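Reader: I'm new to reading protein models and would love a close look at one part of this one. Could you pick a single piece and walk me through how it sits in the whole?

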Amino acid sequence: MRYAHTVESVRRAEAALMATLPAGALMQRAAAGLAAVCIDVLGSVYGARVVVLVGSGDNGGDALYAAARLASRGAAVELVVLKPEAAHPDGLAAALRAGARRTDKPAWDGVDLLVDGVVGIGGRPGLRDPARTLIEDARAAGTYVVAVDVPSGVDVDGATLPEPHVTADITVTFGTHKPALLAAPAVRAAGWVQLVDIGLVPYLDEAGLESVESADVRAAYPLPSGESHKYTRGVVGVDAGSDRYAGAAELCVRGAQAGPAGMVRFGGPDSVAAEIVARRPEAVAGRGRVQAWVVGSGTADRADSALRAAAADEVPVVVDADALAYWRPGMVRGALLTPHAGELARMLDVERSVVEAAPLAYARQAAERLDATVLLKGSNTLIAERDRPTRVVSTGTPWLATAGAGDVLAGLAGSLLAAGLPARDAGSLAAWLHGAASRRAAEYGRPITAGDVAGAIPAATAAVLSAPATPAPWA
Ligand SMILES: NC(=O)C1=CN([C@@H]2O[C@H](COP(=O)(O)OP(=O)(O)OC[C@H]3O[C@@H](n4cnc5c(N)ncnc54)[C@H](O)[C@@H]3O)[C@@H](O)[C@H]2O)[C@@H](O)CC1
Ligand SMILES: [K+]
């Protein structure tokens, strides 16, 4: 996992760590990491032109000490000090001593790098002038932007983008990730995120948000053993499709067949079942004992009765598409709801645009109010559960926004549930593998169908399960 902590939690950990260190030591660690990334970006530092926007807090302090390091290596560093009376005094003195000079109006032509030290975790969302205009001018000139800790102006904890903000090419963040660096829409302002270890990890409490990585999928994926048979691997029931939407049923079955369960039972209408069995002969038609149900993809006006029938079995259920409208809090223990933003908006009785602007907040609210694990689909999929860190998965390609992709995801999640994973893990692994399969199917850049995605899940699974267990740099 990559972990993100809220501002409050970072502040608490920083205070505990700082109490063990000489004054200024943490800022020096941050500045050294920041300067190292800038040097990497520049390639050759001597003679490179660097503009540093310096705000009035410690974020500006980090930027100033990094500026000093770059200037002492021969970079031509220009400091735009936004509030001279409030700039970090020792940092400013160090940068000037090293040869940086001050300006109010940089000429952007020929600038190799802009360092955004306007605000960090102490910032309110939004940019005010002159920072706003300076950022706009730099962007218009195509200047490469490195943000210090977070892109200035984003909503750090809520990961929303309500007002003008910096859009960075790289964000160099300190100690731990912040929610805005992992979750949409703010993640889109961060660019490539580099985490600098400043020794904070032992002092941090549990993360509020965690990003699922390949190692997590590998560790949690349910593998069959030599003693397994089809029933011990789990049986997943699929009640999907209708005369009008038979295709949804097949895609859902294909998703389920691409997962770890030993068998797929198709519990939808007879007219659809005949077609499913003809096309996917490994599926067994008719209801029977299952360890998990998938209900809702293409069920149209049968959705209510299908969900009630599944709930009566008292096994975990993936509630998808048409069935979401009939979900009642507490209906099934261990349920996984899989709405997209429009469906979630209807369930919470708000506008879709409101959910899209603040998906993290609404996914969490939904998990509370609907009393279930909620997987909110999007380019950045969220899995929220009450009192647990929210998960984020961002393996998918934009080509995944295609009809039927959700049916495949629901089937795969059901298979993982039937194989014994709890809803939060089943949702996380399904979203991760579904996204990875979409990239593989799209060959990293061509249109795909939902069937292509289903077809690519086994290879995506093999790739992640067989990858050498290299520890992640933050592990
Ligand atoms: N506290 C620590 O131990 C460490 C902090 N570090 C750095 O310190 C940062 C936090 O520093 P601060 O708490 O001083 O806060 P910031 O530097 O993030 O910003 C606070 C200052 O900006 C002003 N401000 C707030 N919103 C603004 C806006 N939208 N536009 C313009 N000005 C605005 C405030 O009035 C305040 O003066 C971190 O993000 C990180 O970069 C690092 O040096 C590592 C160690
Ligand atoms: K910043």
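**Two domains and one enclosed helix**

Author: Happily! Let's begin where the two halves meet: 14 residues of domain 1 touch 13 residues of domain 2. On the domain 1 side, the touching residues comprise eight nonpolar, four polar and two charged. Please keep in mind that this is a predicted model. Domain 1 covers residues 2-211, and domain 2 covers 214-466. Their centres, taken over C-alpha atoms, are 40 Å apart. An unreviewed UniProt entry places a "YjeF C-terminal" domain at residues 213-464. That span is 45% helix and 13% strand, with its end C-alpha atoms 10 Å from each other.

Now for the close look: helix α3, residues 58-72. From first C-alpha to last, its 15 residues reach 21 Å, close to the 21 Å expected at 1.5 Å a residue. Where does α3 sit, enclosed or not? Because 14 of its 15 residues are buried, α3 is largely enclosed by the rest of the structure. After α3 comes Gly-74, which has a positive phi near 100°.

Finally, let's step back to the whole protein. It has 15 helices and 18 strands, and 56% of its 475 residues count as buried. Its C-alpha trace spans about 80 × 45 × 40 Å along the principal axes. The radius of gyration is 25 Å, which agrees with the value near 23 Å for a compact globule of 475 residues. Among contacts between residues at least 6 apart in sequence, 70% join residues at least 24 apart.

Notes. Residues are numbered from 1 along each chain as its sequence is written. Chains are lettered from A and ligands numbered from 1 in the order in which they are written. This is a predicted model: local features need pLDDT of at least 70, side-chain atom pairs count only at pLDDT 80 or more; totals for chains, interfaces and linings use all residues. UniProt positions are given in the numbering used here, feature names are shortened, and annotations may be inferred rather than shown by experiment. Helices (H or I, at least four residues) and strands (E, at least two) are DSSP runs, numbered from the N terminus. Domain bounds come from an automatic or database domain assignment. Two residues are in contact if their C-beta atoms, placed from the backbone, lie within 7 Å. Ala, Val, Leu, Ile, Met, Phe, Trp, Tyr, Cys and Pro count as nonpolar, Asp, Glu, Lys and Arg as charged, and the others, Gly among them, as polar. The expected span of a helix is 1.5 Å times one less than its number of residues. A residue is buried if 20 or more other C-beta atoms lie within 10 Å of its own, exposed if 12 or fewer, and partly exposed in between; C-beta atoms are placed from the backbone. The radius of gyration is taken over C-alpha atoms; the globule rule is 2.2 Å times the number of residues to the power 0.38.
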